[in-house]
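This briefing concerns the pairing of charged side chains in a single model. Please keep the sequence and the coordinates at hand while reading.

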Amino acid sequence: MRIGHGFDAHRFGGDGPVMLGGVAVRHEQGLIARSDGDVVLHALCDALLGAAGLGDIGRNFPDADSAYENIDSRVLLRRVVDALRDRKLITVNADITVIAQAPRLSEYIDAMRACIAADLGVEIDYVGVKATTTEEMGWIGRKEGIATHAVVLVDAC
Ligand SMILES: [Zn+2]
């Protein structure tokens, strides 16, 4: 078995909604990124790539490559899952913590878990998505952006 950890952060900007865990979350601003800015799926991709020893999302999907402009991050996640499967690795579970002062995420959590479980090919109860704030401290507390930590366990199949 292998453990992977991923972290990502994006700054708010432009118009909403924000894409988080494959779900469009209502907010007055979006997240600035070359892709759709889905900070949750990017952290998850990095965790999976890290567990497999395959580098990181920037190395696998370079920003400079116009093919990734505004791309749906679920496409990236499915490519990462395929890359692991090619190496006979499957996901056991994923645990994700989204750190955001805004927007409120509680009503979107189960939809995110369902999207992620479908892309990982696991049951929904093997995907944890938790949301927390920083109690208004720091850049997240000032609502400048969103960060996410993801941890995964993968196993040889
Ligand atoms: Zn990102």
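The points below take up the salt bridges of this model, grouped by where the partners lie.

The model is a predicted one, and a search of the whole structure finds 7 salt bridges. Side chains of opposite charge can pair when their charged atoms come close.

**Pairs that link distant parts of the chain**

- Arg-34 forms a salt bridge with Glu-69, and the closest N and O atoms of this pair are 3.2 Å apart; Arg-34 lies in the loop between strand 4 (29–31) and helix 1 (39–52), while Glu-69 lies in the loop between helix 2 (57–60) and helix 3 (73–86), 35 residues apart.
- Arg-34 is partly exposed, with a relative accessibility of 30%, and Glu-69 also counts as partly exposed, with a relative accessible area of 43%.
- Arg-74 pairs with Asp-119 in a salt bridge whose closest N and O atoms are 2.8 Å apart, and this contact joins helix 3 to helix 4 (residues 109–120) across a separation of 45 residues.
- Both Arg-74 and Asp-119 are buried, and the two residues belong, together with Arg-78, to a network of salt bridges.

**A pair within one helix**

- Asp-82 forms a salt bridge with Arg-85, with the closest N and O atoms 3.6 Å apart; because these residues are 3 residues apart in helix 3, about one helical turn separates them.
- Asp-82 is partly exposed at a relative accessible area of 41%, and Arg-85 is likewise partly exposed, at 42% relative accessibility.

Methods
Residues are numbered from 1 along each chain as its sequence is written. This is a predicted model: local features need pLDDT of at least 70, side-chain atom pairs count only at pLDDT 80 or more; totals for chains, interfaces and linings use all residues. Side-chain values use heavy atoms; hydrogens and water are left out. A salt bridge is a side-chain nitrogen of Lys or Arg within 4 Å of a carboxyl oxygen of Asp or Glu. Helices (H or I, at least four residues) and strands (E, at least two) are DSSP runs, numbered from the N terminus. Buried means under 20% relative accessible area, exposed over 50%, partly exposed in between (1.4 Å probe, protein chains only).
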